[in-house]
Amino acid sequence: MVKRLSRCIREYKTAALLAPLFMIGEVAMQVLIPLIMANLYDYGIALQNMEVVVTRSLLLCGCAAASLAFGALSATCSAKAGTGFARNLRHDMYYHVQDFSFSNIDKFSAASIVTRLTADVSSLQNAFQMMIRMAIRCPVMLTLALLSALSISPKLSLVYLVTIPILAAVLLGLMPVVFKIFDRVFKTYDRLNTVVQENVHGVRVVKSFVREDYEVRKFSDISGTVYKDFVKAERILAVNDPTMRFCVYVCMIVLSWVGAHMVVASGNNPELGLTTGQLSSMFTYTTQILTSLMMVSMVIVTLTMTRAPMRRCSEILAEEPDLVSPEHAVTEVPDGSVDFENVSFRYSAEAQQDALKNVTLHIPSGATVGILGATGSSKSTMVQLIPRLYDVTEGSLKVGGIDVRDYDLAVLRDSVSMVLQKNLLFSGTVSDNLRWGDPDATDEELRKACRLAQADEFILAHAEGYDRKIEQGGTNVSGGQKQRLCIARALLKKPKILILDDSTSAVDTRTDALIRKAFREEIPDTTKLIIAQRVSSIMDADMILVMENGELKSVGTHEELLETSPIYRDIYRAQEKERDA
C-alpha cells in the first residue's frame, strides 16, 4: 500500500525530502541550546566572565534564529508536499474510477467512493505531513536529547531507562484496540454518506411521504454510532497523556533529588561531578525526551487511524478494470448489425444463476427492434452487453460482424448511444447537456436532434431557450422533458446503434408516436433497440423480442407474436382492456 500510494508524491519529491532535512536542523538547534545555556551559566554568569556571557548569548540568539528558520522552511515544504500528494492521489483515484467497468463500480458503493475521494484522502494528507515532519522530529529529538543527557551525566540518565519502557508498554498495549475501532469508524462513514446521499437525492419522495422523522432517526442512529466509537477510542487514548505526565514528574523529582546532591558534593565544579547549569540542562532534556515520546505516541495513533483510509484508497488504485481494449483493437465499426450467439451472462462469479441464458439472435443493421417483458426479465441486462458495459459470461456478441471484445472500447461505445432507465442531466445549460453527445456539435445540429426527440418545442417555449439553466439531476424539468433531452443527447453522437431503455415511459402516446416516426424517417440506417412497457410503443417495429426470466422466449412482428406468443398476447390484451377502460 505504501509503495502504491508513494507514487502520488511525484513532482513534490524535493519538498518531501527537504521537509525532514530542515526539521533535523531545527531539532539540532533546539538540543544545542540547553548545552550553550549550561555553559553560559557555569563559565559566564557564575564566574562573572562577561566575555563568555556575551559570546554565549550571541551564540544562543544565532541558534534560536536558525531553529526558527529551519522550522519555517520545514513547515513550508511539508505543506507543499502534503497538499501536492493529496492532489495527485485524488487525481489518480478519480481518473482510475473513470476507467472502471460497471462490474468494478458494483464492488464499491457510490457513497464509499465519495468518502475515499474526500475524507480518506484528507486523512492521508494529514498523516503524510505528520510523517515527513513529526515522525522525523520525534525520534531525532529523542536520540539527540538522550545522547546529550548521557554526555552530561550517565548516572542521572539512568532514570530514562526506567520511564521509557513504561511509556512504550502502555502505547503498544493501546494501539491494537484503537486500530480496530478506527477501522470500524471509516466503514460507518460509508453508511453515513449513503444515508445523506439517499436523503438529498430523494428529498421529494421523503417529503411527499412525510418521512422526515424517519430519515432523521436513521441519520441520528448512524451518526451516534460514529460518536460512540470516537468517544471510546479517545477514552482509551486518554490513558496515554497522564502516563506520560506521571513519568515526566517522576523524572523531575529524581533529577532534583539526586542532581542536587551531586551539585553539592561537587561544589559546583564540573570536573568533580555536576554543575548547576548542567542540572538545569538535564531538566530541559527530560522535557524534550519525554515530550518526544508523547509525540511518538501521537504519530503512531495518527498512523494507526490512517491504516484504514490507506487501505481503502489503495483498493481503488489497485482495482484493475475488468474491461479493457485489446492490444490490436479494431478502430472502426462497419455497421449496426448485432449478433448474439449462445450468450449467457451473470453479474458475478458468486451469483447462483445466470441473469441471461443462451440468447441467440441476429439483428440486421438499420432494423427497429422492440423488447418487451416483465420487470426482472433481463431486458436491460441484454442491451448493456452491446456497448460492452459488461462482458458476456459465455458465448459471443458481435457488432458489425466483429466480437465486441475485439473493439477499442471508446470506438465501440461512440458507435452505440444508450439512453438508460435513469435519465440523468448535469448542472449547466440545456446546450451543455446536449453536447455530452457531441462536444463539437453546432447549434443547428442541436436543434435538429431536439426536433427528432420532440424536445425543441418545450426548449424554445422557455425565455432562455437552449441557454436555460438545468439544475443538478435535472430537477427543474419534468420527467418527460428529461427523457426527450436525453434522447436528443444520444442522437447527437450519430450512432450506428441507438438503445432506448424504457426511455419514453414518461411521455404521452402522441409524443411517443412522433419520436418513432422521426426515427423511421430521419435515421433509417441506425439500428434502434427500444425497451418498452407499452405494446403501442413497439408494435410497428421490424422485430419484437419477448423476454422472460432471462430467456428469449419469442421473436417476430406484432402480428406474428399475437398468433404464436401467449406472453405477448396476454400483455397486449391486458393493455387494450386498460386503454378501453
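Colleague: Where is the place of F108?

Modeller: In this predicted model, F108 is in the loop between α4 (102–107) and α5 (110–132).

Colleague: Why does F108 count as buried?

Modeller: The relative accessible area of F108 is 10%, and buried means under 20%, so F108 is buried. In space, the C-alpha atoms of F108 and M37 are 59 Å apart, with their positions 71 residues apart in sequence.

Colleague: What makes S74 count as buried?

Modeller: The relative accessibility of S74 is 0%, and because the limit for buried is under 20%, S74 counts as buried. This serine is found in helix α3, which runs over residues 50–98, and its C-alpha atom is 18 Å from that of G62, 12 residues away in sequence.

Colleague: How do you know whether A145 is buried or exposed?

Modeller: A145 also has a value to set against the cut-off: its relative accessibility is 0%, buried means under 20%, and A145 therefore counts as buried. A145 lies in helix α6 (residues 134–152), and 69 Å separate its C-alpha atom from that of S415, which is 270 residues apart from A145 along the chain.

Colleague: What is said of the phi of R10?

Modeller: R10 has a positive phi of about 40°, although R10 is not a glycine. Such a value draws attention because most residues other than glycine have a negative phi. R10 lies in the loop between α1 (2–6) and α2 (13–45).

Colleague: Why does R10 count as partly exposed?

Modeller: Its relative accessibility is 35%, and since buried means under 20% and exposed means over 50%, with partly exposed in between, R10 counts as partly exposed.

Colleague: Which value of phi does N358 have, and in which element does N358 lie?

Modeller: Phi of N358 is near 45°, a positive value in a residue other than glycine, and N358 lies in strand β2 (residues 356–363).

Colleague: How do you know whether N358 counts as buried or exposed?

Modeller: N358 has 56% relative accessibility, and exposed means over 50%, so N358 counts as exposed.

Colleague: Why is the aromatic pair of F345 and Y347 called edge-to-face?

Modeller: A search of the whole structure finds eight aromatic pairs. In the pair formed by F345 and Y347, the distance is 4.8 Å centre to centre and the angle between the planes is 80°. Rings pair if their centres lie within 6.5 Å, and planes over 60 degrees apart count as edge-to-face, so both conditions are met by F345 and Y347. Together with Y390, these two residues form one aromatic cluster.

Colleague: What relative accessibility do F345 and Y347 have?

Modeller: F345 has 2% and counts as buried, whereas Y347 has a relative accessible area of 38% and is partly exposed, because buried means under 20% and partly exposed lies between that limit and the one for exposed, over 50%.

Colleague: What lies over the face of Y214?

Modeller: R211 does, at 4.3 Å from the ring centre, and a charge sits over a ring if, for Arg, CZ is within 6 Å of the ring centre and within 35 degrees of the ring normal; the distance given for R211 is within the first of these limits.

Colleague: How many cavities of 30 Å³ or more does a search of the whole structure find, and which residues line the largest cavity?

Modeller: The search finds one, and the largest cavity holds about 50 Å³ of space. Its lining is made up of L500, T504, D512, I515, R516, F519, I530 and S537, with helix α18 (residues 509–522) giving the most, four residues. By class, this lining has four nonpolar, two polar and two charged residues.

Colleague: Which domains is the protein divided into?

Modeller: The protein is divided into domain 1 (1–140 + 307–321) and domain 2 (338–580), and the centres of domain 1 and domain 2, taken over C-alpha atoms, are separated by 53 Å.

Conventions:
Residues numbered from 1 in each chain as written. Predicted model: local features only at pLDDT ≥ 70, side-chain atom pairs only at ≥ 80, totals over all residues. Heavy atoms only, no water. 1 Å grid on protein atoms, 1.4 Å probe; cavity = no way out; pocket = protein on both sides within 12 Å on 5 of 7 lines; lining within 4 Å. Points joined across faces, edges and corners; volume = space filled by probe spheres on them. Helix = DSSP H or I, 4+ residues; strand = E, 2+ residues; numbered from the N terminus. Nonpolar A, V, L, I, M, F, W, Y, C, P; charged D, E, K, R; others polar. Phe/Tyr/Trp six-rings, centres within 6.5 Å; stacked < 30°, edge-to-face > 60°. Buried < 20%, exposed > 50% of the residue type's maximum accessible area, 1.4 Å probe, protein only. Domains from an automatic or database assignment.
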